[in-house]
Amino acid sequence: MKYFLTVCLNPVLQKTIVLPCLKENEVNRSSEYYLDAAGKGVIVSRVLLQLKNHTLHLTQLGGRNRNLFLEMLKQEGIPVKWVNSGSEIRFCYSLLNKEKHTSTEIVEEAVPVASDTEDKICTVFNSLLPDSLSVIISGTKAPGFSQSLYPRLVKKAKQEGKMTILDYRGDDLKESIILGPEVIKPNYSEFVATFFPKDRTPDENNIKEKMIQLWKDYGITTILTNGHNDVLYVEDGNVKNVTPDPVIPVNTIGCGDAFTAGFTHMYFRSRYVTEGVNFGLECARRNALTLKPGQLY
Ligand SMILES: Nc1ncnc2c1ncn2[C@@H]1O[C@H](COP(=O)(O)OP(=O)(O)OP(=O)(O)O)[C@@H](O)[C@H]1O
Ligand SMILES: [Mg+2]
């Protein structure tokens with residue numbers, strides 16, 4: 001059975017804590033809190049599965065909480081292939097302020113993976129490629145992997161003729177784009193930090209020019225989400241924009257990943273970027289209205 005292959009090399013145990021209001025330097029008590037398996041690739045898989053796709057998630061896992069993480073994925077029916085990294089799974093915390101409708105994210109940085117993890121990931125990735133419909137690589141990799149890993153994965157996916165969608169930033173992104181992935185979907189500020197590192201507030205026209213240049217030079221469709229602001233995307237060599245429907249968000253964590261999953265689901269079928277973007281927006285909107293990252297309903 002063929003599947004959408006989601007790759008994320010930075011797993012997370014995500015604690016979502018609902019608070020009536022959030023006060024610094026005080027005791028904040030919560031009677032509503034949840035624990036979910038997360039990391040960007042898990043959320044992409046979770047959304048794709050709810051849209052009735054077959055998926056397979058590839059990650060690295062290690063440490064005391066690995067069995068907990070795997071048990072949670074199993075209970076949800078999220079198929080996973082993993083390699084042992086010896087790296088303790090990090091926790092992240094979403095503090096949801098019901099008074100102000102804000103999500104505050106506390107992110108633990110990952111600990112390095114063991115030195116043989118990279119080769120193990122590449123071997124498993126290569127073995128999973130033939131049966132994959134499309135490859136979606138999301139998020140910054142954990143420390144301990146080399147700078148050549150992401151370009152290596154993209155190159156292999158392209159050699160196998162797989163539609164490749166990337167949601168990461170920085171040098172990893174720069175070194176991957178020359179390999180011609182179909183789609184890149186960092187958010188707006190990640191794109192700015194990657195391509196305009198010295199000018200943190202570049203003119204939007206410069207951003208659009210860069211998006212068109214990536215299209216002309218490498219055939220890449222760039223899509224930039226930006227929270228409640230307009231999404232910019234390239235279609236047929238032109239930059240277009242669309243405004244997300246306004247919502248009073250419950251939890252915006254994972255909105256970018258819900259967007260990527262919704263986009264992939266639709267674009268894979270129709271090959272129309274605008275249709276993909278509109279469906280991505282719908283999935284992101286639904287995600288924003290639920291407590292669990294990547295839950296559509
Ligand atoms: N506050 C909001 N109000 C309405 N829509 C939102 C809001 N935040 C996010 N969204 C929706 O989610 C989409 C993706 O959000 P965003 O640009 O914040 O992704 P992101 O920064 O990549 O997030 P992450 O990587 O944490 O999942 C937006 O294009 C929008 O449709
Ligand atoms: Mg994102």
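**From a buried threonine to the ligand shell**

A polar atom in the side chain of Thr59 sits 2.8 Å from the backbone oxygen of Cys8. Keep in mind as we go that this is a predicted model. Thr59 belongs to strand β4, which covers residues 55-61. Is Thr59 buried or exposed? Its relative accessibility is 1%, so Thr59 counts as buried, the limit for that label being under 20%. Setting aside neighbours within four places in sequence, you will find Thr59 in contact with Cys8, Leu9 and Pro11, with Val80, Lys81, Trp82 and Val83, and with Ile121. Cys8 thus appears both in this contact list and as the partner of the Thr59 side chain in the 2.8 Å pair.

Now let's move to ligand 1. Around ligand 1 there are 17 residues, of which Lys40, Asn187, Thr225, Gly227 and Gly256 come nearest. Lys40 uses its side chain: one of its polar atoms is 2.7 Å from an oxygen atom of ligand 1. Gly227 offers a backbone N or O atom, 2.8 Å from an oxygen atom of the ligand. Asp257 also takes part through a backbone N or O atom, here at 3.4 Å from a ligand oxygen. On its own, ligand 1 exposes 630 Å², and the protein buries 83% of that area.

Which elements give two or more residues to this shell? They are β11 (221-226), α8 (255-270) and α9 (273-288). The largest share, three residues, comes from α8. Sorted by class, the shell holds eight polar, six nonpolar and three charged residues.

Conventions:
Residues are numbered from 1 along each chain as its sequence is written. Chains are lettered from A and ligands numbered from 1 in the order in which they are written. This is a predicted model: local features need pLDDT of at least 70, side-chain atom pairs count only at pLDDT 80 or more; totals for chains, interfaces and linings use all residues. Side-chain values use heavy atoms; hydrogens and water are left out. Helices (H or I, at least four residues) and strands (E, at least two) are DSSP runs, numbered from the N terminus. Buried means under 20% relative accessible area, exposed over 50%, partly exposed in between (1.4 Å probe, protein chains only). A polar contact is a pair of N or O atoms within 3.5 Å; within protein, one must be able to donate a hydrogen and the other to accept it, and residues adjacent in sequence count only if both atoms are side-chain atoms. Contact means heavy atoms within 4.5 Å. A residue is near a molecule or strand if one of its heavy atoms lies within 4 Å of it. Accessible areas come from the Shrake-Rupley method with a 1.4 Å probe; for residues, only the protein chains shown count as cover. Ala, Val, Leu, Ile, Met, Phe, Trp, Tyr, Cys and Pro count as nonpolar, Asp, Glu, Lys and Arg as charged, and the others, Gly among them, as polar.
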